[in-house]
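Grab a pencil and keep the viewer open. The exercises below walk you through a structure one piece at a time, each with a worked solution.

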Amino acid sequence: MITVTINKKNYDLDIDPETPLLWVLRDVIGLVGTKYGCGVAQCGACVVHLNGEAVRSCVTKISRAAGQKVVTIEGLSEKNDHPLQKAWMEVDVVQCGYCQAGQIMAAAVLLRENKNPTDDDIDKALEGNICRCGTYLRIKKAIHLAAAMQRKNVKG
Amino acid sequence: MTKFVLTIAVLVSITGLLASGFRKNTVPVAINNIDSTASVAAFMEVYKVLMSPRCMNCHPAGDIPLQGDDNHLHTMSPIRGKDGKGVYAMKCSNCHQPTNSPGLNAPPGNPKWALPPADMKMVFEGRSPRELALQIMDYKRNGHKNKAQLIEHARDTLVKAGWNMGEGRKPPPLSYTEFVVAWDEWINKGGIAPAN
């Protein structure tokens, strides 16, 4: 039995410890916001937070998450009001949207560690998240906007 | 005649000591074990391993690791970061798990996966045998390792993982056991740097 906290809820899972976290989230728990892209940690579509770090859930075995805290796109905020989610809507970043959960979860780690990222910081943080629609410029714009919102919230 | 042999032996030892970088801030070795010929020969075996992709890819000249048997820059350009473990959402352990991921060329894994830190880069890429040997024997440039710690380093689980890097990756040119024997021989016989 493996116990994992996912989006603040505890789950006791009777499951093969080698199972990728992605399939636990999608097929066992039913959290399908996290997407399968490449399956070999090359595209970033499956990024979730494991103890706050942006792991690729397609190659992260559920055994690594045992007793740990996982946050998915569904748990990033209480009311879908994380600055990144608000900025994403305002900038209208999404085209097909398939990669966006991974992009936002990766960007959330960046904004936690760097309150005022430059374009270069964003490149360094999200280099591993591929968008086949090529929405990179809007992603970058939204991250800057979210950073500004976050700074304003802290000041306010 | 005996005097002559003794003089030559002393001279050879002194030359060996100087070549080993056996000076201030370098790794001390026992003088009576020095055998410069054997030491250099052993290092040339060690060098083949250190310059193989399995070792050199994580000891790059720049701040992006190398990848593959052709030492290309790591796709998605992960950055070394201050501690060598990456930055932001691009930390090594986000993809590199505690064990190898299954599948051809899937990310190899180890709990210690990282580059050397930014303040001690321990670059292998581009180093000649002499440069690399002197660097490894230099306490200020080898991660502050003394002789015992250098010997121990060959037994490190991350070093050993170089021989188990998952599907699609060529192992180093020596077996792990051969490498350790050559490593120990090089250091125990003086840690001598080759002439070039």
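A crossing of two helices counts as left-handed if the near helix is turned anticlockwise from the far one by less than a right angle, and as right-handed if it is turned clockwise. Keep that handy for Exercises 3 and 4. One more thing before you start: this is a predicted model.

**Exercise 1. Map the sheet of chain A.**

Task: In what order do the five strands of the open sheet in chain A run, and which strands are the edges?

Solution:
- Step 1. Reading across the sheet, the order is E2-E1-E5-E3-E4, with mixed pairing.
- Step 2. Look for strands that pair on one side only: these are E2 (9-13) and E4 (53-56) of chain A, the edge strands.
- Step 3. Check the twist. On average, neighbouring strands are turned by 40° against each other, direction ignored.
- Step 4. Now zoom in on one end. E1 (residues 2-6) of chain A is joined to E2(A) by five bridges, in the antiparallel sense. Here you'll find A:Ile6 opposite A:Lys9 of E2(A).
- Step 5. Go to the other end. E3(A) and E4(A) are antiparallel too, with four bridges between them. A:Val48 has A:Val55 in E4(A) as its bridge partner.
- Step 6. Look at the turn. The hairpin of E3(A) and E4(A) has two residues between the strands, and A:Asn51 takes a positive phi near 50° there.

If you're wondering what holds such strands together, strands of a sheet pair through backbone hydrogen bonds, either parallel or antiparallel.

**Exercise 2. Find the helices that lie on the sheet.**

Task: Which strands does helix H1 of chain A lie across, and at what angle does H1 run to E2(A)?

Solution:
- Step 1. Pick out H1 (residues 21-29) of chain A and follow it over the strands: E1, E2, E3 (47-50) and E5 (69-71) of chain A lie across from it.
- Step 2. Read the direction: H1 of chain A runs at about 95° to E2(A).
- Step 3. Add helix H3 (residues 100-113) of chain A, which also packs on the sheet and touches E3 and E4 of chain A. The directions of H3 and E3(A) make about 40° with each other.

**Exercise 3. Classify the packing of H2(A) and H3(A).**

Task: How are H2(A) and H3(A) oriented to each other, and why?

Solution:
- Step 1. Get the geometry. H2 (residues 83-91) of chain A packs against H3(A) at an angle of about 125°, and the axes are 10 Å apart.
- Step 2. Recall the cut-offs: 65 to 115 degrees is roughly perpendicular, and over 145 is roughly antiparallel.
- Step 3. The angle falls in neither range, so H2(A) and H3(A) are oblique to each other.
- Step 4. Their crossing is right-handed.
- Step 5. List who touches whom: A:Leu84, A:Gln85 and A:Trp88 come from H2(A), while H3(A) brings A:Ile104, A:Ala107, A:Ala108 and A:Leu111.
- Step 6. Sort them by class, and you get six nonpolar, one polar and no charged residues.

**Exercise 4. Do it again for H3(A) and H4(A).**

Task: What is the handedness of the crossing of H3(A) and H4(A)?

Solution:
- Step 1. The axes of H3(A) and H4 (residues 119-126) of chain A come within 10 Å and cross at roughly 125°.
- Step 2. This makes H3(A) oblique to H4(A).
- Step 3. The crossing is right-handed.
- Step 4. The contact uses A:Gln103, A:Ala106, A:Ala107 and A:Leu110 of H3(A), together with A:Asp121, A:Ile122, A:Ala125 and A:Leu126 of H4(A).
- Step 5. The classes here are six nonpolar, one polar and one charged.

**Exercise 5. Compare the two domains of chain A.**

Task: How many residues does each domain of chain A give to the contact?

Solution:
- Step 1. Set the bounds: domain 1 is 2-75 and domain 2 is 83-155.
- Step 2. Their centres, taken over C-alpha atoms, are 21 Å apart.
- Step 3. Domain 1 of chain A gives 13 residues and domain 2 of chain A gives eleven.
- Step 4. On the domain 1 side, E3(A) gives the most, with three residues.
- Step 5. By class, that side has seven nonpolar, four polar and two charged residues.

**Exercise 6. Meet chain B.**

Task: How many residues of chain B are in contact with chain A?

Solution:
- Step 1. 16 residues of chain B are in contact with 21 residues of chain A.
- Step 2. Strand E4 (90-91) and helix H4 (92-95) of chain B each supply at least two residues of the chain B side.
- Step 3. That side has ten nonpolar, five polar and one charged residues.

Technical notes:
Residues are numbered from 1 along each chain as its sequence is written. Chains are lettered from A and ligands numbered from 1 in the order in which they are written. This is a predicted model: local features need pLDDT of at least 70, side-chain atom pairs count only at pLDDT 80 or more; totals for chains, interfaces and linings use all residues. Two residues are in contact if their C-beta atoms, placed from the backbone, lie within 7 Å. Ala, Val, Leu, Ile, Met, Phe, Trp, Tyr, Cys and Pro count as nonpolar, Asp, Glu, Lys and Arg as charged, and the others, Gly among them, as polar. Two strands pair if DSSP finds at least two bridges between them. Axes are lines fitted to C-alpha atoms, for helices over the stretch in contact, and angles run from 0 to 180 degrees between N-to-C directions. Domain bounds come from an automatic or database domain assignment. Angles under 35 degrees count as roughly parallel, over 145 as roughly antiparallel, 65 to 115 as roughly perpendicular and the rest as oblique.
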